[in-house]
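Trainee: Please take one charged contact in this model and look at it closely. After that, follow the chain outward from it and describe what you come across.

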Amino acid sequence: MVQQSAYDIIVIGGGSGGSAAAGRLAEDRSKTICLLEVGGKNNSFVYTTPGLLPFIPNSGNYKFDTVPMKGLNGRIGYQPRGRGMGGSSAINAMVYIRGNRWDYDNWADMGCDGWSYDDVLPYFMRSEGNERLSGDHHGTDGPLNVMDQKYANPSSLAFIEAARNLQLKITDDFNGGDQEGIGLYQVTQKGGERWSAARAYIDPVKDQDNIDVRTKVLVEKLIISEGRVTGVQVRKGNSSEIINARGAVILSAGAFGSPQILQLSGIGRTEDIKPHGIEMTCEKPEVGQNLQDHIDYVGGWASPSRDLIGDSVGANFKMLKSIIEHRLQRTGIMTTPYAEAGGFWSSTPDLPAPDTQFHFVPGPLENHGKERPKGHGLSIHTCVLRPYSMGSVGLYENNAAAPPRIDPNFLDDERDMVTMRAGVRQIHRFAETAPLSDFGLEDRYNTPLHDDDALDQLIRDKADTVYHPVGTCRMGSDKDAVVDARLKFKGLEGLYIADASIMPKIVSGNTNAPSIMIGERCADFVKADLG
């Protein structure tokens, strides 16, 4: 499509929500769509090969840092976020999880009319193309391909058997009627390749004459006239331009990017905006507030087993062979999502839904993979699914290219530590139970399981995000909510938000599939509003 100065709809961000929204809107050939993405196309084999996840280039990952956090003993946290088409779905572990029925029913109870589980289920099903599961909970012909893993490490299967021996429920469907249980995760792959939101929603329509997909374009701010968002100011290289929207602007820049763009446009809290010399255009105190994320602790064990992923001459040779196999056949170890197994567990029996999620990785993991421990081993994540601690997103400066100020405020609320402590003890039970224990595991941290104070210090020294930030432009029916139940911005016309930032409460699980569902719903709302 020829670039124009005006379109019916502008979508900011080619990530999970933005790709879904833009792709669905482009199905109406009478409407012109402009999709703006600051990153590149993310379509090389490094992105499409699941097992090359640790080698994703810096250009595809924002690699944000947080402020120092008291709850993490003053440490600065790490926040990787996808940069480019597909957003974080181009660099994530591809785990397909929707969250728990209770999450969405709770949203409805909080005043988000039309967002109960029964309301959102049809959109999950419409988006899903599941290769194995069908019936009342699963779609089989949606654009987002979901499949069983082509390969599973022997230790991942041993982890599941250890859970069985601990009398835990085993499941082959975390997205059916009952979320609780342990098993292998289904993944967003197709034919052994990563299936990002951009591959699912944008690739099928990108050559149509009614959609203009622009990459490497930085959105500097929204253009606002007489209470309406009428377009965006963008920069490519050294030149800026205004792109106008006749019908709507959809902001889908993620839980960090969406509030940052709003604040750069003078929308948010005065104290977050005025100090940076930005003129206030709309006072909205909740913009950038309500940040929630799954705080995560990774237990690590060394092992002599060469079945496990590791850093050794043999392992490196094995990886090279597996890359060649994947390039030729799309099979083998390089189809791994790394987080191969896991599940959902309740730390106490009186909960409405599981409060803990596990991710089992058949290799050693230290500091988000930025460090490579010598030898072989395995890792087990435990994360707090419904944290009480909340943080915020703000500005460091009046510059759209600068990183946002991110404060997840992890482990600020003692209730989160109680849940985390229980999860850490549970992952050690897995490691101590056959057949997982048969791998000759040695605890790399000499974890003080029987001393609460010492265990808490270890958790604060090691815990960090499991990459699920949400909530910074929350949806609600109250006057302070940023968007209403149709994802329309409350206070300005012509603006919608479609990403994880609108979640009033974080969902109990990975956030990619819910973000796609939100994008699907936003497309329907915009279609209806624009006729």
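**A salt bridge and its surroundings**

Mentor: Start with Glu241 and Arg214, whose side chains meet in a salt bridge with an N to O distance of 3.1 Å. This contact joins distant parts of the chain: Glu241 sits in strand S13 (residues 239-251) and Arg214 in strand S10, 27 residues apart. Keep in mind that the model is predicted.

The two partners are not covered alike. Arg214 has a relative accessible area of 4%, and because buried means under 20%, Arg214 counts as buried. Glu241 is at 35%, a value that falls between the 20% and 50% cut-offs, so Glu241 is partly exposed.

Now move along the chain from Arg214. Strand S10 covers 211-215, and the loop between S10 and strand S11 (218-225) holds Lys216. Phi of Lys216 is near 60 degrees, a positive value in a residue that is not glycine. Most residues other than glycine have a negative phi, and most peptide bonds are trans. Lys216 has a relative accessible area of 56%, and since exposed means over 50%, Lys216 is exposed.

Beyond that loop, strand S11 contains Leu222. With 4% relative accessibility, Leu222 is buried. The C-alpha atoms of Leu222 and Leu264 are 8.2 Å apart, although 42 residues separate the two along the chain.

The contact you started from can be set beside others of its kind. The whole structure has 33 salt bridges. One of them pairs Glu520 with Arg24, where the closest N and O atoms are 2.9 Å apart. Glu520 belongs to helix H12 (residues 512-530) and Arg24 to helix H1 (residues 16-25), so the pair, 496 residues apart, links distant parts of the chain. Both Glu520 and Arg24 are buried. They also belong to a salt-bridge network that links Arg24, Glu27, Arg126, Glu520 and Asp524.

Another salt bridge joins the side chains of Asp118 and Arg101, at 3.4 Å from N to O. It too links distant parts of the chain, with Asp118 in helix H4 (residues 117-127) and Arg101 in helix H3 (residues 101-109), 17 residues apart. Arg101 is partly exposed, at a relative accessible area of 38%.

Positive phi values turn up elsewhere as well. Strand S3 (residues 64-69) pairs with strand S4 (residues 75-79) in the antiparallel sense, over 4 bridges. Met69 stands opposite Arg75 in S4. The two strands make a hairpin with 5 residues between them, and Asn73 in the turn has a positive phi of about 55 degrees.

Asn409 has a positive phi of about 60 degrees, and it is not a glycine either. Asn409 is in the loop between strand S22 (405-407) and helix H10. Its relative accessible area is 24%, which makes Asn409 partly exposed.

H10 follows that loop. Its 18 residues should span 26 Å at 1.5 Å a residue, and its end C-alpha atoms are 26 Å apart, which agrees. The buried residues of H10 include Asp416, Met417, Arg421, Val424, Ile427 and Phe430. After H10 (414-431), the loop that leads to strand S23 (442-443) contains Pro435. The peptide bond from Ala434 to Pro435 is cis, with omega near 5 degrees.

Helix H9 makes a useful last stop. H9 has 17 residues and reaches 24 Å from its first C-alpha to its last, close to the 24 Å expected at 1.5 Å a residue. Ala315, Ser322 and His326 are the buried residues of H9. Seen down the axis of H9, they fall within an arc of 40 degrees, so they line one face of the helix. The other side of H9 carries Val313, Phe317, Leu320, Lys321 and Leu328, which are exposed.

Ile324 is also in H9 (residues 313-329), and it is partly exposed at 47% relative accessible area. Together with Leu320 and Leu328, Ile324 forms a nonpolar patch on the surface, with about 330 Å² of accessible area in total.

How values were computed:
Residues numbered from 1 in each chain as written. Predicted model: local features only at pLDDT ≥ 70, side-chain atom pairs only at ≥ 80, totals over all residues. Heavy atoms only, no water. Patch = residues over 30% accessible without salt bridge, like charges linked within 9 Å, V, L, I, M, F, W, Y side chains within 5 Å. Areas by Shrake-Rupley, 256 points an atom, 1.4 Å probe, with all protein chains shown as cover. Salt bridge = Lys/Arg side-chain N within 4 Å of Asp/Glu carboxyl O. Buried < 20%, exposed > 50% of the residue type's maximum accessible area, 1.4 Å probe, protein only. Pairing = 2+ DSSP bridges. Expected span 1.5 Å × (residues − 1). Arc of directions from axis to C-beta.
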